[in-house]
Amino acid sequence: MTKPIAISDSANFYVSAERIFDPTLKGVPVIVLSNNDGCAVARSDEAKALGIKMGEPLHLLRDKIAAHGVKVFSSNYTLYGDISRRVVEVYEDYTPKVEIYSIDECFLDFSGFRDRVTHARTMRRDVLRRVGVPVRVGIAATKTLAKCANDIAKKNPIFAGVLDMTDPALAAWLLPLVPVGDIWGIGRRTVKKLEGLGISTAAELRDMPLRQARALGTVVLERTVLELQGEPCIAFDDVEPQRKGMAVTRSSGKPMEDFDTVFQAITAHATRAAEKLRQHGLVAGTLTVFFHTNRHRADRPQYAGSRSKRLTPMSSDTLELVAAAKRCALAAWPKIENQSYGFTKAGVMLDDLLPLEDRPRTLFDAPQRSPVLMTALDAVNSRFGKKTMVLASEGMSRSWQLRANHRSPRYTTRISDLPVVR
DNA sequence: TCTGGGGTCCTAGGACCC
DNA sequence: TCTGGGGTCCTAGGACCC
């Protein structure tokens, strides 16, 4: 008997998080936008019912928003991250093993509970009571099947948010109802290929010959088939994996025309990346800078520049990272004379990350050339707020900064954001 | 006419996830 | 006018080695 795995996820998480602090949002259409107020990345059920699609650009939604009084929010990741942490705390009261999969999803070890459905229902009520967001739970023998169960529970109110599909007979009965494209790990490309073979449901994929699955979609697809058969191939893992890379990339509020502006954005991104490195106690071995024009504008000249550089010694020092980023940006800058580009996105990526204490040593290196300065920088920005102290090359105009015209208060992490009650 | 056989490491690109 | 950001894993193919 394999161990039952549960996956718990939050319905429309970002919307649910906004609703905690503003009850007037209940029962009305609400959407949360991506960075730069670009497109809808979370929609309430009411917004979905209006036909608002995941990833739909805001500028195509203006009419619907006006006609139906859709409430619109910019992303408030500080708030969502904190709510997510609180939800995990509740899960930890209901199982000794929690694997955080994403900001709104956790795998839970549900082995050993006599009545898993009752246990899940109790947990669900507790999350709602203590944090205020609704969650759904799918339980099955493998992660892929648990995701299916969760998906079925999401779409069929009859399950009241909890479906235990551990029983193989129940799985066999339900899998024919799951479209193959809804399965975890099956994306658009694979759906196309499977369609050609006449495979359109989870049950049909489960019955696909393993060799054929591997030929079509490598070991990844083969594992999915095995998981659908109830054989675990994706291990439950509650230790945080060593991260391999990190990126800070942003679209700009308006096009960046000259090197100085692009470099201001890149300075800000490299600065943020260095902060993240130090927070996690890591150093980076490679830095990549990229920037590109708006691909949706066929009428404007297109350019995409990118350069990487090894960091030796490995570093988490803002000054060193920004210096390396500048060399990359200069090397990647277009060489064509008299051609002006409107760059709309820029980013800094760091790879070959290692814990500070594991970094290779050389005779003269130090993890940060200016460790005392970095400590002071982090202390000031933590005490007085982000961006209190920045490098001059980040500039003061911030003309590249992204839009966020509908941001809600950071209710749980910033006292000055709280509404004043008189 | 004959033209090895493994290894390892690295990189670019594809596919997918939320 | 306006179209997100941050990750992971896998494979193929080239370079290089003995």
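**Figure 1. Lining of the second largest cavity in the predicted model.** The residues that line the second largest cavity divide into two nonpolar, five polar and three charged. They are Ser34, Asn35, Asn36, Asp37, Ser74, Ser75, Leu402, Arg403, Ala404 and Arg407. The space within this cavity amounts to about 30 Å³. The structure holds two cavities of 30 Å³ or more.

**Figure 2. The largest cavity and its lining.** This cavity has a volume of about 60 Å³. Its lining is formed by Ser10, Phe13, Ser84, Val87, Val88, Tyr91, Ser102, Ile103, Asp104, Glu105 and Cys106. Two or more residues of the lining come from each of H4 and strand E6 (105-109). H4 makes the greatest contribution, with four residues. By character, the lining of the largest cavity comprises six nonpolar, three polar and two charged residues.

**Figure 3. The aromatic pair of Tyr14 and Tyr77.** The structure holds 17 aromatic pairs. In one of them, Tyr14 and Tyr77 meet edge-to-face, with 5.9 Å centre to centre and 85° between the planes. Tyr14 belongs to helix H1 (residues 13-21) and Tyr77 to helix H4 (residues 77-91), so the pair ties together parts that are 63 residues apart in sequence. Tyr14 counts as buried because its relative accessibility is 15%, under the limit of 20%. Tyr77, by contrast, is partly exposed, with a relative accessible area of 39%.

**Figure 4. The aromatic pair of Tyr303 and Tyr341.** These two rings form a tilted pair, 5.3 Å centre to centre with 45° between the planes. Tyr303 lies in the loop between strand E10 (282-293) and strand E11 (304-315), whereas Tyr341 lies in the loop between helix H12 (318-332) and strand E12 (343-351). The pair thus links distant parts of the chain, 38 residues apart. Tyr303 counts as partly exposed at 22% relative accessibility, while Tyr341 counts as buried at 5%.

**Figure 5. An aromatic cluster that includes Tyr303 and Tyr341.** Ring pairs join these two tyrosines with Phe259, Phe263, Phe291, Trp333 and Phe343 in a cluster.

**Figure 6. Charged side chains over phenylalanine rings.** Lys143 places its charged end over the ring of Phe107, at 4.5 Å from the ring centre. Arg383 lies over the face of Phe384, and here the distance to the ring centre is 4.8 Å.

Definitions and conventions: Residues are numbered from 1 along each chain as its sequence is written. Chains are lettered from A and ligands numbered from 1 in the order in which they are written. This is a predicted model: local features need pLDDT of at least 70, side-chain atom pairs count only at pLDDT 80 or more; totals for chains, interfaces and linings use all residues. Side-chain values use heavy atoms; hydrogens and water are left out. Rings of Phe, Tyr and Trp (its six-membered ring) pair if their centres lie within 6.5 Å; planes under 30 degrees apart count as stacked, over 60 as edge-to-face and the rest as tilted. Buried means under 20% relative accessible area, exposed over 50%, partly exposed in between (1.4 Å probe, protein chains only). A charge sits over a ring if NZ of Lys or CZ of Arg is within 6 Å of the ring centre and within 35 degrees of the ring normal. On a 1 Å grid over the protein atoms alone, a cavity is a set of points where a 1.4 Å probe fits but cannot get out, and a pocket is an open set with protein on both sides within 12 Å along at least five of seven lines; lining residues have an atom within 4 Å of a point. Grid points are joined across faces, edges and corners, and a volume is the space filled by probe spheres set on the points. Ala, Val, Leu, Ile, Met, Phe, Trp, Tyr, Cys and Pro count as nonpolar, Asp, Glu, Lys and Arg as charged, and the others, Gly among them, as polar.
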